[in-house]
Amino acid sequence: MTEATAREAHGEPHGDGFGVRLNWLRAAVLGANDGIVSTAGLVVGVAGATSERSALLTAGLAGLLAGSMSMAVGEYVSVSTQRDSEKAALALERRELRDQPEAELDELTDLLAERGLSRDVAREAAVQLTERDALRAHARVELGIDPDDLTNPWHAAGASFLAFTVGALLPLLAIVVPPAPARLWVTVVSVLAALTLTGWWSARLGAAPTRPAVVRVVGGGAVAMAVTYGVGSLLGAAGV
């Protein structure tokens with residue numbers, strides 16, 4: 001049985017890309033959750049002031065586009081900064097390997113020894129890793145970076161945009177599709193159900209207890225809708 005087959009049979013995900021994929025999936029869930037809560041709060045607030053479908057649709061679309069673009073731009077800027085830092089760290093490591101290879105070999109030995117290897121084994125491993133690919137060895141062991149898999153700001157921006165949009169579509173459709181008397185309740189029930197699902201799923205991704213996560217997410221969404229609806233109702237009653 002090969003190592004890959006054994007891992008598959010054991011049922012545990014492995015590989016350098018698993019942590020990255022898990023982070024992207026968690027970010028997508030949280031992005032969808034943001035889209036649900038922010039758009040629900042917006043359209044429910046408007047619903048407190050008016051029952052006009054055109055006003056609700058306009059507000060919902062504006063919130064969806066503004067929120068998704070904001071999420072995409074913010075993620076692009078954040079990940080671009082991270083990528084620049086990774087490139088700078090790799091460039092520095094490349095210069096150090098060129099100018100002081102022995103010191104870098106000693107450093108790699110120390111890092112491996114700190115992970116529990118004996119000094120002799122750590123030295124032998126450091127020598128073999130350096131002979132194979134010194135930069136990749138230092139990048140992974142010292143910096144925690146995979147030179148072949150740097151963060152991509154465009155992927156991050158696209159994922160955030162899509163996740164927020166998908167989440168925002170639920171309260172938008174729930175507030176404009178049903179007949180006027182049922183809009184508010186359909187929206188509230190749909191949003192709370194969706195938040196229950198995203199809270200449960202985010203907890204599962206992080207291997208955390210599901211109940212506290214669901215309570216936090218659902219409670220936060222309920223408070224957001226209650227506050228915005230109250231404000232909208234007050235403004236509507238005041239004729240604003």
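Leaving aside its neighbours within four places in sequence, which residues is Ile-175 in contact with? In this predicted model, the partners of Ile-175 are Val-43, Ala-47, Leu-56, Arg-183, Leu-184 and Thr-187. That residue makes a handy starting point for a tour of the fold, beginning with the overall architecture.

The protein contains eight helices and zero strands, so that, read from the N terminus, its elements run α-α-α-α-α-α-α-α, as DSSP runs define them. Of the 240 residues, 32% are buried. The exposed surface comes to about 13800 Å², with carbon and sulfur atoms supplying 63% of that area. Among contacts with a separation of 6 or more, 70% are accounted for by residues 24 or more positions apart. One pair far apart in sequence is Ala-27 and Ser-202: 175 residues separate them along the chain, while their C-alpha atoms are 9.1 Å apart in space. Ala-27 belongs to helix α2, which covers residues 16-49, and is partly exposed, because its relative accessible area of 37% falls between the 20% and 50% limits.

Back to Ile-175, this time as part of a larger group. The largest nonpolar core has 19 residues, and Ile-175 is listed with Ile-36, Val-176, Val-191, Leu-195 and Met-225 as having the most contacts inside it. Two or more residues of this core are given by each of α2, α3 (53-99), α6, α7 (183-205) and α8 (210-237). Helix α6 provides the largest share, namely five residues. Apart from this core lies another, made of eight residues, including Leu-108, Leu-112, Ala-122 and Ala-137. As a general point, nonpolar side chains in soluble globular proteins tend to be buried together.

Helix α6 deserves a closer look. It runs over residues 153-176, and its end C-alpha atoms are 34 Å apart; this agrees with expectation, because 24 residues at 1.5 Å a residue should also span 34 Å. Even so, α6 has a kink of about 25° at Leu-169, shortly before the proline Pro-171. At the N-terminal end of α6, Asn-152 acts as a cap, with a side-chain oxygen 2.9 Å from the backbone nitrogen of Trp-154. In summary, α6 combines an N-terminal cap from Asn-152, a kink at Leu-169 and the largest share of the 19-residue core.

Definitions and conventions
Residues are numbered from 1 along each chain as its sequence is written. This is a predicted model: local features need pLDDT of at least 70, side-chain atom pairs count only at pLDDT 80 or more; totals for chains, interfaces and linings use all residues. Side-chain values use heavy atoms; hydrogens and water are left out. Helices (H or I, at least four residues) and strands (E, at least two) are DSSP runs, numbered from the N terminus. The expected span of a helix is 1.5 Å times one less than its number of residues. The bend at a residue is the angle between axes fitted to the seven residues ending there and the seven starting there. A polar contact is a pair of N or O atoms within 3.5 Å; within protein, one must be able to donate a hydrogen and the other to accept it, and residues adjacent in sequence count only if both atoms are side-chain atoms. Buried means under 20% relative accessible area, exposed over 50%, partly exposed in between (1.4 Å probe, protein chains only). Contact means heavy atoms within 4.5 Å. Accessible areas come from the Shrake-Rupley method with a 1.4 Å probe; for residues, only the protein chains shown count as cover. A nonpolar core is a set of buried Ala, Val, Leu, Ile, Met, Phe, Trp, Tyr and Cys residues joined through side-chain atoms within 4.5 Å.
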